[in-house]
Amino acid sequence: MKIAVIGAGFVGSTTAQRLIERNLGEVVLYDIVEGLPQGKALDMMESAPILGFESRVVGTNDPKDLSGSALVVVTSGIARQPGMSRDDLLERNAGIVASVADHLREQAPQAIVIVVTNPVDILTHLTAVKVGTPKERILGMGGILDSSRFRHFIAMELGVAQADVDAMVLGGHGDDMLPLPRFATVNGVSIEALLSQEQIEKLVARTRDGGAEIVRHLKKGSAYYAPAAAITQMVESIVRDQRRLLPCSAWCSGQYGITGQFVGVPVILGREGVEKIVELPLSAAEMKELHTSSAHVASKIAQLQIAG
Ligand code: APR
């Protein structure tokens, strides 16, 4: 399967690396900066004899090379600096993603698209409208990353194996995302039986701030190792038709009382994209928070004046 990764920066190149190392497809790494995708692709390929993977990656600045891609991952755009929210990236990144969407409409209109550029829920909407992708074939990456951060913090707090911790974070991939402690478990045991309310609240707050915490450390740029891992999990579920249940920004048409927008919800992800949106039995308070988050995303979409 041909997989295009748009943007050869930190997120895009780390994603390309993970995809080929897991033999998930033939990767085309595209960027507007001359030499950047070519150099990174060659560097990655020179690790193949040592690591033993069979997939290939090629770098390009020519949008025509995106032609025939079955799957596209959009990471082009600027990243956050300390003190910035994801929303602060909207204007600059909307322009970049819109120009990429023009190429996708011409070169790979049938592709399943995973949008990563922030603010992701809004730019997924923009891409869907501009490319004309059927709504079940386009998703945004956010929830898996936020959930992985939540899982990591829970594992650290309890001193248990990371793999034993499961959790869900729903809502927009922004400051009002919705970590769900009620659905977080350690090998089936609710974290509410293992942690105090105060501890849980601390972990929820750290999860919401998870991206900004990394930005404060890095001083310039934002996270990419965990984002690339989250993207890879989405790609793998699609390519291998795993039908994993993962929180992603997906088009809601009435689910959770949300209509006509992308927001983070649990989806079953398979060969055709979003096979199903799974509706969890949320409490009234959780539902209210989800609606606050989705209303925030809707207000930003209105700001961009994109229909669809
Ligand atoms: N077409 C293709 N690539 C582009 C375009 C464009 N029109 N405009 C910019 N780029 C490329 C840049 O040249 C750069 O190589 O996008 C890349 C972005 O890389 P980084 O600056 O390293 O940013 P990164 O950390 O990868 O984050 C990218 O992902 O997680 C999100 O919030 C993050 O929006 C940000 C995006």
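A polar contact here is a pair of N or O atoms within 3.5 Å; within protein, one must be able to donate a hydrogen and the other to accept it, and residues adjacent in sequence count only if both atoms are side-chain atoms. With that, let's start at the ligand.

First, the ground rules. This is a predicted model: local features need pLDDT of at least 70, side-chain atom pairs count only at pLDDT 80 or more, and totals for chains, interfaces and linings use all residues. Residues are numbered from 1 along each chain as its sequence is written, and side-chain values use heavy atoms, with hydrogens and water left out.

Now the contacts. The side chain of Asp 31 puts an N or O atom 2.7 Å from an oxygen atom of the ligand. Phe 10 uses its backbone: a polar atom there is 2.9 Å from a ligand oxygen. Gly 77 also uses a backbone N or O atom, 3.4 Å from an oxygen of the ligand. How much of the ligand does the protein bury? Of the 730 Å² that the ligand exposes when taken alone, 85%. Those areas are Shrake-Rupley, with a 1.4 Å probe.

Next, the shell. It holds 22 residues, each with a heavy atom within 4 Å of the ligand. Phe 10, Val 11, Asp 31, Thr 75 and Asn 118 are the closest. By type, the shell has 12 nonpolar, 9 polar and 1 charged. Ala, Val, Leu, Ile, Met, Phe, Trp, Tyr, Cys and Pro count as nonpolar; Asp, Glu, Lys and Arg as charged; the others, Gly among them, as polar. Which helix gives the largest share of the shell? That is α4, with 4 residues. Helices are DSSP runs of H or I, at least four residues, and strands are runs of E, at least two.

On to the pocket. The ligand sits in the largest one, meaning more than half of its atoms lie within 2 Å of the grid points. A pocket is an open set on a 1 Å grid over the protein atoms alone, with protein on both sides within 12 Å along at least five of seven lines; lining residues have an atom within 4 Å of a point. Its space is about 830 Å³, the volume filled by probe spheres set on the points. Of 42 lining residues, Val 11, Thr 75, Gly 77, Ile 78 and Ala 79 are closest to the centre. α4 gives the most to this lining, 5 residues.

Last, two backbone points. Asn 118 and Pro 119 are joined by a cis peptide bond, omega about 0 degrees. Lys 219, not a glycine, has a positive phi of about 70 degrees.

Terms used. On a 1 Å grid over the protein atoms alone, a cavity is a set of points where a 1.4 Å probe fits but cannot get out, and a pocket is an open set with protein on both sides within 12 Å along at least five of seven lines; lining residues have an atom within 4 Å of a point.
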